Amino acid sequence: MDNKYVLAMYDIRGKQEYIYRSNKLKEIVGGSAVIRDCFKDFLYPAAKEYRNSINKTGDLEAIFNYKTEKSDTDFDRKKFEERMDGNQYIGEVVYDGGGNFFVLYKNDKVCREVNKIFTRKILKKTYSLKVLCTFIDNIDFDDYKNDRDRLYKEHSIREASEPNEIPTQVLPFTQVDRMTSMPLYKKYKEIENQEAIKMSKEKYFKYKKYDEIKTEEKNIFGETLLDNLITKKGEESLLAVVYIDGNNMGAQIQDCLHGMKSYEKCVAEMRSFSEKIQKNYVDSGMKAIDKMLDEKYNDCTKRRFVIYAGDEINFICNARDAYAAAKTYLKNLPQKDSACAGIAIFHSHAPYAEAYKIAEECCESGKTKMKKLGIKNASLIDFHYCQSGIEIDLETIRNIETNGKTSKPWFISDINITDKAANEQYISTEIAEAMAKELNNMARTNVKSLASHAKDSIPSLKMEIKRIEAHSKNKIKFDFYLEKLLKDDKLNDEEVSRLIYDIITVYDLWFDDNKERSAEIAE
């Protein structure tokens, strides 16, 4: 352990607040790209600048990155020490993935001096992005876990003492941004062919970043004009935000390092794990969604990806496609991987950031359900139809609308539920779709009438079902199906009534299989 090296961890603070400080998509995408490229754009140049002040090595990189150097995923202590003894490298990326960024530096002086330059660049180029760096010395190459635990402990202390002030205050005569109260910086064009407007420094660099990446990542982003995603302007301008997040990433990392101690083994395993997460949760997931949309529209760009990094993906699509897209993504995950999806259906003119917040809370409700049932590996879907104001949290909205009663979230029925707690009841997408299939035997007016009765009381619902059966030309036996549902799937009357209500709220969008009727509604 008697060495001069230090292990540093970088943590970008307040990511969600930084990204979603605006309702404008270009600004949101630009903000997410600023965070994604933060170290590439600012830390590596800072390290190069400091290295060149000591050893003029020109434009060569100063921090060895196993990803860009096309190295294998192994970490070799001997090779690392050889790099640090030379004139080019002053640090090496240990791990980059899932929001974590670790660097081994030559010594503590190098770490401090690089971070001074890095901080200045962050302040100058982003204005308000906060990056916290914590480092430890006395590195033990034979015990990575112990070093990581020491680093996390030190980092938690730094987190608790981190100040929350904005970079600079403004004077009474300073022009400020009306939403953020930040001082205006310079003019920039939000929209092509329109007059440039004066904006804050944070906003300016978000737009500038968006304009930098929009060409090279155009196919990934997809449709940039949201009005092109709706069914018909003026009649059904419904969109959906779909937010999907992987489950138990911290626990998965712990599991993959089980029985390992040395840097060589632990770092190699973590790097391999990061590549797998990127492939399974982002690359393959996005391809699965695009394939589904291509089969439906012969156009895979009928969506707008906003964020796609690590184990998180966030996109906008036509409200009618949201359930199928989320389900396709979750079913595409390998057996040992799982995620929760949240869907917020909203009108295209509604504030995007507010709709996103609801989608994120829907996703979180799935994770809460897993914890409640003691399930470690399951994929769930929750959704909310934003029919009124959405500037309050999801729990409050549901308490107002349905007294907090809901059948959601739903489990993806045929994957990742092998470790479900014994004798615990759950509602799956398979059960929900079977219920919707029975509802399709009724006239649409009868289906809609069930919603209010389901919300009212169980006796009211049963009475309405009897009325529908008595007046049905097809002599449907919906009550028989409910009895079967109660017996075979062990749902009680309350759970059935909640399920019926939740299905009917999105029935026209997702579950009405009468194509002529659906087309008539969409026109």
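The following exchange examines how several features of this predicted model earn their names.

Reader: Why is Cys-133 said to be in no disulfide?

Author: The name requires two cysteine sulfur atoms within 2.5 Å. For Cys-133, the nearest cysteine sulfur is that of Cys-111, and it is 4.6 Å away. The pair therefore fails the cut-off of 2.5 Å. A search of the whole structure finds zero disulfides.

Reader: What makes Cys-317 count as buried, and which cysteine sulfur is nearest to it?

Author: The nearest cysteine sulfur to Cys-317 belongs to Cys-386, 14 Å away, and Cys-317 is in no disulfide. Buried means under 20% relative accessible area. Cys-317 has 1% relative accessibility, so it counts as buried. Cys-133, at 14%, is likewise classed as buried.

Reader: Why is the pair Glu-159 and Arg-13 called a salt bridge?

Author: The term asks for a side-chain nitrogen of Lys or Arg within 4 Å of a carboxyl oxygen of Asp or Glu. In this pair the closest N and O atoms are 2.6 Å apart, so the condition is met. The structure holds 36 salt bridges.

Reader: What makes this pair a link between distant parts of the chain?

Author: Glu-159 belongs to helix H6 (residues 144–160) and Arg-13 to strand S1 (residues 6–13), and they are 146 residues apart. Glu-159 is partly exposed because its relative accessibility is 28%. Arg-13, with 23%, is also partly exposed.

Reader: How do you know that Lys-48 and Glu-61 form a salt bridge, and is each of them buried or partly exposed?

Author: Their closest N and O atoms are 3.7 Å apart, and the cut-off is 4 Å, so the pair qualifies. Lys-48 lies in helix H3, whereas Glu-61 lies in the loop between H3 and strand S2 (63–64), 13 residues away. Lys-48 has a relative accessible area of 16% and is therefore buried. Glu-61, at 31%, counts as partly exposed.

Reader: Which residues are joined into one network, and what joins them?

Author: Salt bridges with shared partners connect Arg-36, Asp-37, Lys-40, Asp-41, Lys-209 and Glu-212. One of the pairs is Asp-37 with Arg-36, at 3.1 Å from N to O. Asp-37 is buried, with a relative accessible area of 8%. Arg-36 counts as partly exposed, at 36% relative accessibility.

Reader: How do you know that the span of H3 agrees with expectation?

Author: At 1.5 Å a residue, the 17 residues of H3 should span 24 Å; the end C-alpha atoms are 24 Å apart, so the two values agree. The buried residues of this helix include Phe-39, Tyr-44, Lys-48 and Asn-52.

Reader: What makes the pair Asn-52 and Gly-58 a polar contact?

Author: A polar atom of the Asn-52 side chain lies 2.9 Å from the backbone oxygen of Gly-58. That distance is within the 3.5 Å cut-off. Asn-52 is placed in helix H3 (residues 38–54). Leaving aside neighbours within four places in sequence, Asn-52 is in contact with Thr-57 and Gly-58.

Reader: Why is H7 described as largely enclosed?

Author: Ten of the 13 residues of H7 are buried, so the helix is largely enclosed by the rest of the structure. Among these buried residues are Lys-201, Tyr-204, Phe-205 and Ile-213. Helix H7 (residues 201–213) reaches 19 Å from first to last C-alpha, close to the 18 Å expected.

Reader: Which residues have the most contacts inside the largest nonpolar core?

Author: They are Tyr-105 and Met-435, in a core of 160 residues. The largest share of that core, twelve residues, comes from helix H10 (residues 263–297). Apart from it lies another core of five residues, among them Phe-205 and Tyr-207.

Reader: What makes Tyr-127 and the bond between Lys-408 and Pro-409 worth noting?

Author: Most residues other than glycine have a negative phi, and most peptide bonds are trans. Tyr-127 is not a glycine, yet its phi is positive, about 75°. Tyr-127 lies in the loop between helix H5 (108–126) and strand S5 (130–136), and its relative accessible area of 10% makes it buried. The peptide bond joining Lys-408 and Pro-409 is cis, with omega about 0°. Pro-409 is in the loop between helix H13 (394–402) and strand S13 (410–411).

Definitions and conventions
Residues numbered from 1 in each chain as written. Predicted model: local features only at pLDDT ≥ 70, side-chain atom pairs only at ≥ 80, totals over all residues. Heavy atoms only, no water. Helix = DSSP H or I, 4+ residues; strand = E, 2+ residues; numbered from the N terminus. Expected span 1.5 Å × (residues − 1). Buried < 20%, exposed > 50% of the residue type's maximum accessible area, 1.4 Å probe, protein only. Core = buried A, V, L, I, M, F, W, Y, C linked by side-chain atoms within 4.5 Å. Polar contact = N/O pair within 3.5 Å; in protein donor to acceptor, adjacent residues only side chain to side chain. Contact = heavy atoms within 4.5 Å.
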